[in-house]
Amino acid sequence: MKQLLLFLFIAGSAIAADIILPDALTEGMQGVGYTVIHGTNIEPFNVTVLGVLKKARGRSDAILVKVDGLNLDKSGIIAGMSGSPVYFNGKLAGAVSFGWAYNKEASGGVTPIADMLKIYDRHTAEDSRTGYYFDAKPETKRTADARVRTSDGMNTSAPLMLSGFNQEVIDLYHDNFRNMGFIPLIGGGTVKAASNAAESRTFAPGDACAIKLMEGDLNASGIGTVTATDDKRFLLFGHSMFMKGRLEAPVSKAYIHAVIPSQQISFKLGTAYGDVLGYTVFDGELGVSGEYGKKDIDMIPVTFTVAKGGLTNSTRVRIIRDASVFPDMLASSLLAVLSAEGTGEEATVHAAITIQSSYGKPLIMTNLYLTYKSRDAYKAAAQDLLYPVQMFIFNRFRKLDIKGVTVDVAVRDDLAYTSVEEVTADKSEYHRGDTMQLNIGLRPNQGERGYRTMTLTIPANVRPGTYTVYVGGDGSYDQFQRTFFPALFSVKSIDDIYTMLSRPLDPRALNVWMYVSVKGLVMKGREFELLPASYYGILSKEMTSEKAAVMNVTRSTAAAPAIVNGSDMLSIRIVDDE
């Protein structure tokens, strides 16, 4: 009766015709499961019921089983085996979905198919577009879910096969990928389908499958197993990828090269086929649902162009439109591209970044010059370059539909910069309106110190007193501006973020400047002089230390021979006119 009611509840799904519920299972009951251990051959393994844990995973039961055959008695439950269908008396019970690390017995859990089929209720629900846009507050549920699995010893991780990535990059982002619910591994790119695979346009229960998080010149695919299918839809994994809900990602069959046994977690090494059979629709707690058909998945195109040593290489990828995946995939891909150019023990990086989005106009950041002297130069460059990208995409003000990202990088494996080492003035006291002559010491990364003369005119309305003259590049000037005029850098809207990030900074600019007390006011970059006396008392509490004085900046800029690093300062006195 329960089986009949369930069939009526999900009428229209051929999957429901032959299923068995957990209540019908007894301890010691013998069954069979199906998975791929090598190539694309679906092979059976033996299953024995150990018991049923009621409400073990939220509102779902968990069927505890022992498995053997296919060398599973030595490897245990294998990462990548998730979704393997399990049958008793010829009826589908559910999908292998978890095991335990360091388990001395090949035992684990099966997600009941009756609960997995309920995913179709969400699968066919109206699209709320969750995950389509980059929200101001990206979902963190997948991270919490991954931590629960780690703490209770359950292993529901899927192998994440990464091609085009070296081991150093994978090691660096290992924890990030693990928090997504994956085991990151070096893998191959996509492979062409064999003739028999090419003829099949649907999955079979037990097929190895690959969910493509990124495709192109670099690839990232989560490997799992197909649990059930009809002529229109399919169910995978028996657990979530990262609890995203609505999610679109291409799905193909996978070729399994080998199973790597491990005392901690054994795993499948697989490669995605290039031929896409369908796409995911819903990533739920107890499985992933999908539909057949070659849909044009709305993934985010990203282009990396790296120029080095007279050669230019372009890398093009498409990353799924998901706020939980995109940042780490973008950052790790950039580092993989940079690392392919060499060791990067020293580097000068010149970059330009363009983000196309629903903001209305592209965000273009140019003249991003960075210098590094460390073994992890490229690592630091990848993180620094992508910080403003993430700041814009994950702003707290507006959801953005990201249409594309372009990163153009020019790399030199040396340090092309000049350091500010000292500054001296032609005298120590000045009058209002005087022009200072400043002698600035600049030392290239390799070479002798040289000198550059610059001038700075003192404002006619400055108050007498002791002042500090600063020398440095645009980066140093920008940092001091944030200290002295924080209101100019306050972020109250996405427009403020856009303006701040697109503001040009010239890495070869050499600046001399000073902050002076004047009888005037600067508001939003505009100078107002000779304000009524009553205004100063109102403004003084927040902007000055004396009622009749407001801080202002005077500045002079010249071109330096290389990227300007460091800063220096000196003190001068401005005296009353005689």
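The following dialogue examines how terms such as salt bridge, buried and paired apply to this predicted model.

Student: What does the chain contain overall, and how many of its residues count as buried?

Tutor: The chain has 13 helices and 33 strands. Of its 578 residues, 52% count as buried. The accessible surface comes to about 25900 Å², and carbon and sulfur atoms hold 50% of that area.

Student: What share of the contacts joins residues 24 or more positions apart?

Tutor: Among contacts with a separation of 6 or more, 71% are between residues 24 or more positions apart.

Student: Why is the contact between R321 and D298 called a salt bridge?

Tutor: The criterion is a side-chain nitrogen of Lys or Arg within 4 Å of a carboxyl oxygen of Asp or Glu. The closest N and O atoms of R321 and D298 are 3.1 Å apart, so the pair qualifies. The two residues are 23 positions apart: R321 is in the loop between β19 (311-319) and α9 (326-339), and D298 is in the loop between β17 (287-292) and β18 (300-308). The structure holds 17 salt bridges.

Student: How do you know whether R321 and D298 are buried or exposed?

Tutor: Buried means under 20% relative accessible area, and exposed means over 50%. R321 has 7% relative accessibility and therefore counts as buried. D298 has a relative accessible area of 30%, which lies between the two limits, so D298 is partly exposed.

Student: What makes K403 and D401 a salt bridge?

Tutor: Their N-to-O distance is 3.8 Å. Because the limit is 4 Å, this pair also meets the criterion.

Student: Why is K403 called partly exposed?

Tutor: Its relative accessible area is 48%, whereas exposed requires over 50%; K403 is therefore partly exposed. Its partner D401 has a relative accessible area of 10%, under the 20% limit, so D401 is buried.

Student: How do you know that E421 and R449 form a salt bridge, and which parts of the chain does the pair tie together?

Tutor: Their side chains meet at 2.9 Å, N to O, which is within 4 Å, so the definition is satisfied. E421 lies in strand β23 (residues 417-425), and R449 lies in the loop between β25 (435-444) and β26 (450-457); the pair therefore ties together parts 28 residues apart in sequence. E421, at 31% relative accessibility, counts as partly exposed, and R449, at 32%, counts as partly exposed too.

Student: Which residues are joined into one network by salt bridges that share partners?

Tutor: D298, R321, D401 and K403 belong to one such network.

Student: What makes strand β16 mostly covered?

Tutor: Strand β16 spans residues 266-284, and 16 of its 19 residues are buried. Each of those 16 therefore has under 20% relative accessible area.

Student: How do you know that β16 pairs with strand β4, and in which sense?

Tutor: Pairing requires at least two bridges. Strand β4 (residues 78-79) and β16 share 2 bridges, so the requirement is met, and the sense is parallel. One partnership is that of A79 with F267 in β16.

Student: Which strands run antiparallel to β16?

Tutor: Strand β14 (residues 245-246) is joined to β16 by 2 antiparallel bridges, with R246 partnered by F282. Strand β15 (residues 250-260) is joined to β16 by 9 bridges, also antiparallel, and A254 stands opposite A272 there. β16 and β17 pair in the antiparallel sense over 6 bridges, with Y279 opposite E291 in β17.

Student: Which of these pairs form hairpins, and how many residues join them?

Tutor: A hairpin through 5 residues joins β15 to β16. β16 and β17 form a hairpin with 2 residues between them.

Student: Why are β26 and β32 called edge strands?

Tutor: An open sheet of 4 strands has the order β26-β25-β23-β32, with mixed pairing. β26 and β32 (563-565) are its edge strands: each pairs on one side only. Neighbouring strands of this sheet are turned by 40° against each other on average, direction ignored.

Student: What makes β25 and β26 a pair?

Tutor: They share 8 bridges in the antiparallel sense, and at least two are required, so they count as paired. At one position of this pairing, T435 stands opposite T457 in β26.

Note on methods
Residues are numbered from 1 along each chain as its sequence is written. This is a predicted model: local features need pLDDT of at least 70, side-chain atom pairs count only at pLDDT 80 or more; totals for chains, interfaces and linings use all residues. Side-chain values use heavy atoms; hydrogens and water are left out. Buried means under 20% relative accessible area, exposed over 50%, partly exposed in between (1.4 Å probe, protein chains only). Contact means heavy atoms within 4.5 Å. Accessible areas come from the Shrake-Rupley method with a 1.4 Å probe; for residues, only the protein chains shown count as cover. Axes are lines fitted to C-alpha atoms, for helices over the stretch in contact, and angles run from 0 to 180 degrees between N-to-C directions.
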